[in-house]
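I opened this structure to see how its strands pair and what surrounds its ligand. My entries follow in the order in which I looked things up.

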Amino acid sequence: AKSLGRDRIELFTPELLIKAKSAHTLHTDLREALADGQITVHYQPIYGCESAEIKGFEALVRWRHPKRGYISPGDFIPIAEETGLIVELGQYVLRIACAQCHAWNVQFGRELAISVNVSARQFADRGFIRTVTETLEASGLRPQLLKLEITETVLLGGYGGIGEMLSELRSAGIKIALDDFGTGYSSLSYLMNFPFDILKIDRSFVSHIHHDFRRSETVRKIVELAAILGMRTIAEGVETAEELACVRDLGCDFVQGYLLSRPLAPEAVSALLSLEIKA
Ligand code: C2E
Ligand code: CA
Ligand code: CA
Ligand code: CA
């Protein structure tokens, strides 16, 4: 051990060991969870800014661990990404979400869209596009109603041919949304070089937007730019009536956030949709 430098020794602090161990158990547990039906999908409604009507949902994965209780996706998605289990997990979410959305459309006579998050690692998988198109076909959902949400990390992930993959998905009718827009490094060049249908404006721009001239003017320009490039915009994380009024005035097309609805279990969505019909 003498030959190890300071930096190497740091690797073996108890804290890091515990962290690594818990990541390992989480991975093992996650494998089991997938097989056991502990993984479910919740749906956060996305509303039209003008009509105040539900236009679709974002599918958000949920894990109810038998011993640890609810584990946040922020804690297990990174582990699933590192271990590669995200490929299976992502495929599971896609399948459940497309089938569920189609079932609601049939039941309620709607044309609701479903947005599904996709990690960089999934794009590296050879069969990704085929898996998506086959899953869609099996679900009965029109491809135009599926939106794949990707973040900048997908674009800088270093897997060649991302642009071609996105184009291929789009020519199958599927929509591509750039998630968490504004939080990364060189978002503007991505807008120029990749084909997106939708820009999701990150909550960090939306939060307290009505108190902050710089923030609101930035969003105004993002919305203008999106219009020029033929993209629609979604304001994420709207929590107050003031924020909603502000993003609506700025011309955002869609809104999503706790003010309108939290992510809901499927039964709660069904209840919400039957209320919308009666209204
Ligand atoms: P995201 O894609 O940016 O999803 C939006 C997150 O913001 C969700 O957290 C949602 O519950 C939360 N949110 C929505 N409205 C509000 C609001 O008004 N205020 C605040 N403070 N938060 C709001 P969640 O469900 O915990 O998911 C966290 C992240 O985990 C997601 O961020 C996404 O990156 C990842 N994730 C979730 N499900 C999946 C999945 O199926 N696949 C992949 N690859 N990633 C997923
Ligand atoms: Ca998302
Ligand atoms: Ca987001
Ligand atoms: Ca995010």
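**Entry 1: strands S1 and S2**

I began with strand S1 (residues 39-48), which is joined to S2 by nine bridges, the two running antiparallel. The model is a predicted one, and I keep that in mind throughout.

I then looked up single pairs between these two strands. Gln44 is opposite Glu58 in S2. Pro45 is opposite Phe57, again in S2.

Next I checked the connection. S1 and S2 make a hairpin, with five residues between them. In that turn I noted Ala52, which has a positive phi of about 55°.

**Entry 2: other partners of S2**

Which strand runs parallel to S2? I found that S4 (residues 113-117) does, joined to S2 by four bridges. Glu58 appears here again, with Ser115 as its bridge partner in S4. I had already recorded Glu58 opposite Gln44.

I went on to strand S3 (residues 69-71). Three bridges join S3 to S2, and the two run antiparallel. Three residues form the link of the hairpin between S2 and S3. For a single pair I looked up Arg64, which stands opposite Tyr70 in S3.

**Entry 3: the other partner I looked up for S1**

I returned to S1 and found strand S9 (residues 254-255) antiparallel to S1, with two bridges between them. Gly48 of S1 has Phe254 of S9 opposite.

**Entry 4: burial of the two strands**

Are the residues of S2 mostly buried or exposed? I read that 10 of the 12 residues of S2 (residues 54-65) are buried, so the rest of the structure largely encloses this strand. The cut-off for buried is under 20% relative accessible area. For S1 the count is eight buried residues of 10, so S1 too is largely enclosed by the rest of the structure.

**Entry 5: ligand 1**

How many residues surround ligand 1? I noted 21, of which the closest are Gln44, Arg62, Ser119, Glu239 and Tyr258. Gln44 is the residue I had recorded opposite Glu58.

I then listed distances between polar atoms:

- A backbone N or O atom of Val61 is 3.2 Å from a nitrogen atom of ligand 1.
- For Asn117, a polar side-chain atom is 3.1 Å from an oxygen atom of the ligand.
- For Asp179, a polar side-chain atom is also 3.1 Å from an oxygen atom of the ligand.

On its own, ligand 1 has 800 Å² of accessible area, and the protein covers 79% of this.

**Entry 6: a nonpolar patch**

I turned to the surface. Leu188, Leu225, Ile228 and Leu229 make up a nonpolar patch there, and together they have about 380 Å² of accessible area. Where does Leu225 lie? I located Leu225 in helix H11 (residues 213-228). The relative accessible area of Leu225 is 30%. Partly exposed covers the range between under 20% (buried) and over 50% (exposed), so Leu225 counts as partly exposed.

**Entry 7: Ser204**

My last check was Ser204, which I found in helix H10 (residues 203-206). Ser204 has 41% relative accessibility and so counts as partly exposed. I also looked up its C-alpha distance to Gly182, which is 8.6 Å. Ser204 and Gly182 are 22 residues apart along the chain.

Definitions and conventions: Residues numbered from 1 in each chain as written. Chains lettered and ligands numbered in written order. Predicted model: local features only at pLDDT ≥ 70, side-chain atom pairs only at ≥ 80, totals over all residues. Heavy atoms only, no water. Buried < 20%, exposed > 50% of the residue type's maximum accessible area, 1.4 Å probe, protein only. Pairing = 2+ DSSP bridges. Patch = residues over 30% accessible without salt bridge, like charges linked within 9 Å, V, L, I, M, F, W, Y side chains within 5 Å. Areas by Shrake-Rupley, 256 points an atom, 1.4 Å probe, with all protein chains shown as cover. Salt bridge = Lys/Arg side-chain N within 4 Å of Asp/Glu carboxyl O. Near = heavy atom within 4 Å. Polar contact = N/O pair within 3.5 Å; in protein donor to acceptor, adjacent residues only side chain to side chain.
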